[in-house]
Amino acid sequence: MKYLLKFKHSDYSSQQAIILAGWTNQQESGKGKKKKQVFSPVISHWPKEIQTLFKGVATHQQFTGEMGQSLSMTDSRGRHIIAIGMGLRGKCTFEMLRKEGAKLYNALSSQAEKLSIDFDSFVIKNRRDDSLAMLLEGIGMAAYRFNKYKAKAKPPLLTTIYIDSFNPKITKANINSMANTLERTQMIVAAISMTRDLVNEVPNVLNSVTFAKKVDEDIKSLKKGVKVKILDKKGVIKEKMGLFLAVNAGSSHEPRLVHLSYTPKKVTKNTKHIVLVGKGLTFDAGGYSLKPSASMMNMKFDMAGAATVYGAFRAAVQLGVNAKVSCILGMTDNVISNQATLPDSIIKSRNGKTVEILNTDAEGRLVLADLLDYASDLRPDSIIDAATLTGAILVALGGEVCGLFGNNDKLNKQLLSSANSVSEYLWQLPVIDEFCDEIKSNIADLKNMGNSRFGGSGKAAAFLQQFVGNDIPWAHLDIAGIGDSQGHLPYCPKKGSSGLMVRTLVDYLDNV
Ligand code: BES
Ligand code: MN
Ligand code: ZN
């Protein structure tokens, strides 16, 4: 999709559709009185000729600007002019704007080739750039498709969106910052699309080796000087990552550890170093603790943690954030062969702790344990991991909310605040001492699951915490629920990778 900013009234002739926001004028009717009010949408900021046209048809159509309404008009030149009801301007949030952008794309992408958005009518809270970012993010995220395996996928008709801003008060500075916002938003959307592409890719194509290669090629294509280090099986053995290797033992693909490092242009003593860690299970069959077939379906998405932190890293690099950022991805599948790790095995981790593997399907925590220990050696200011770690997080929080665990209040708060500011659902759950006790083994230092299913996500987090270096702030995002199929959001596909949490992480990295 091409986006063009336009600041001067000029010929509209090539556009088939013009979109305007119509707001209601209704005031809150105090004291619970049921007032039957006649609404009148705010249209005074629309171009004059459209106002005239609107006044001609709106009264028949009873367009009042309420949320959910829309009014289509056709002008003398045959262009569709669509007014979208947005409700009360004071009640409109940035998330609502993002959703309207997405709905607009979903409704019109097969109706028009080029359309114009009367941007000034969409601005809320007098924050032009934020309003623009939300509309573009909604449109960009909604425009994502994964069609590479369809022989006859129809490309969308819509190719060009004009962002019209004819407000005479627009300054040169406004124009520059809108252009900047457009560019930044496109970087974030591109990163989300990358995350989604990786997650949606099928396991007969995306294995640990090809996954690492894709990431390597993609990050190099940005030409931002990111350092890439990739450990193959030999390298992982050299690092003594016994747990990671135990998960990989049954695989016909070597493991890969991808280690990316970004250094900002200006580095001072105060420059923060953040390490992102991702679970990259390209397929989780469960190993010898085999999953039943229904639960195995879609387990290609078990690398969503790695894809998510990679997406966030990619965006951070493109945006040129001030923090130093490293990204560590552990890639393997979890399958069976005569070499696969047997349940009851005891394996030594990179940091020396021994782990009794009671259930080979609790493999994500094994891979992450060695990665977190490796990440701790970098002595960063914080470590954040993302993983499709437990089915239990769906029981705890539903399929729409991401779980947050951590050992540091400040980091937790920062992440919650980032999630809030980009309107992603993130909820903190506890890691209590009792959970840490429960994962102690009788015959080894630790075991890889608790004694019951209850609080399974917290117990998995408690396991991870054992491998985080002393005093390093660490947070864990359990994205098993929100990694895919977030069809309740108009900017996410009904089925397939959601790309959620990329925005939260980018916001964190951009503000830390
Ligand atoms: N990748 C799964 C977690 C998962 C399950 C994600 C369902 C999405 C949907 C993870 O590796 C796993 O299998 N976890 C087990 C842990 C258990 C054996 C302690 C689980 O959640 O059942
Ligand atoms: Mn598993
Ligand atoms: Zn898994």
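This report walks through the pockets, cavities, core, cysteines and a few single residues of a predicted model.

## The largest pocket

Let's start with the open space. The largest pocket has a volume of about 950 Å³. Its lining counts 41 residues, and those closest to the centre are Leu389, Thr390, Gly391, Ala392 and Gly456. Four elements give two or more residues to this lining: strand 9 (273-284), helix 10 (364-376), helix 11 (392-397) and helix 14 (456-465). By character, the lining of the largest pocket splits into 17 nonpolar, 14 polar and 10 charged residues.

Which element gives the most to this lining? That is helix 14, with 5 residues. Helix 14 is also mostly covered, since 9 of its 10 residues are buried. The buried residues of helix 14 are Gly456, Ser457, Gly458, Lys459, Ala460, Ala461, Ala462, Phe463 and Leu464. Gly456 is thus a residue to look at twice: it is among those closest to the centre of the largest pocket, and it is buried.

## The second largest pocket

The second largest pocket holds about 480 Å³ of space. It has 19 lining residues, and nearest its centre lie Asp130, Ala133, Met134, Glu137 and Asp507. At least two lining residues come from each of helix 2 (94-108), helix 3 (128-142), helix 4 (172-200) and helix 15 (502-511). In this lining, 6 residues are nonpolar, 4 are polar and 9 are charged.

Where does the second largest pocket lie with respect to the domains? Domain 1 (2-170) and domain 2 (187-511) both contribute residues to its lining, so this pocket lies between them.

## Enclosed space

Now for the space that is closed off. Rolling a probe the size of a water molecule over the atoms shows where empty space is left. Across the whole structure, a search finds 3 cavities of 30 Å³ or more.

The largest cavity contains about 80 Å³ of space. Its lining is made up of Ala246, Val247, Gly250, Gly287, Asn334, Val335, Ala340, Thr341, Ile357, Thr360, Glu363 and Leu366. These lining residues divide into 6 nonpolar, 5 polar and 1 charged.

## The nonpolar core

In soluble globular proteins, nonpolar side chains tend to be buried together. Here the largest nonpolar core has 98 residues, and the members that touch the most others are Ile117, Phe122, Leu276, Phe313 and Leu477. Helix 9 (residues 304-319) gives the most to this core, supplying 11 residues. Domain 1 (2-170) and domain 2 (187-511) each provide at least three residues of this core. The two domains therefore both appear in the core and also in the lining of the second largest pocket.

## Cysteines without disulfides

How many disulfides does the structure hold? The number is 0. For Cys327, the closest cysteine sulfur is that of Cys402, and at 16 Å it is too far for a bond. Cys402 is likewise in no disulfide, as the nearest cysteine sulfur, that of Cys492, is 13 Å away. For reference, a disulfide needs the two sulfur atoms within 2.5 Å.

Are these two cysteines buried or exposed? Cys327 counts as buried at 0% relative accessibility, and Cys402 is buried with a relative accessible area of 0%.

## Residues worth a click

Two residues have a backbone angle to check. Lys125 has a positive phi of about 50° although it is not a glycine. You will find Lys125 in the loop between strand 5 (114-118) and helix 3, where it is partly exposed at 45% relative accessibility. Asn298, also not a glycine, has a positive phi of about 75°. Asn298 sits in the loop between helix 8 (293-296) and helix 9, and it counts as partly exposed because its relative accessibility is 34%.

Two further residues come with a distance along the chain and in space. Gly235 belongs to helix 6 (residues 233-238) and is buried, at 15% relative accessibility. Gly235 and Arg256 are 21 residues apart along the chain, with their C-alpha atoms separated by 8.8 Å. Leu157 lies in the loop between helix 3 and strand 6 (160-164) and is partly exposed, at 39% relative accessibility. From Leu157 to Ile19 there are 138 residues in sequence and 17 Å in space, C-alpha to C-alpha.

Conventions:
Residues numbered from 1 in each chain as written. Chains lettered and ligands numbered in written order. Predicted model: local features only at pLDDT ≥ 70, side-chain atom pairs only at ≥ 80, totals over all residues. Heavy atoms only, no water. 1 Å grid on protein atoms, 1.4 Å probe; cavity = no way out; pocket = protein on both sides within 12 Å on 5 of 7 lines; lining within 4 Å. Points joined across faces, edges and corners; volume = space filled by probe spheres on them. Nonpolar A, V, L, I, M, F, W, Y, C, P; charged D, E, K, R; others polar. Domains from an automatic or database assignment. Buried < 20%, exposed > 50% of the residue type's maximum accessible area, 1.4 Å probe, protein only. Core = buried A, V, L, I, M, F, W, Y, C linked by side-chain atoms within 4.5 Å.
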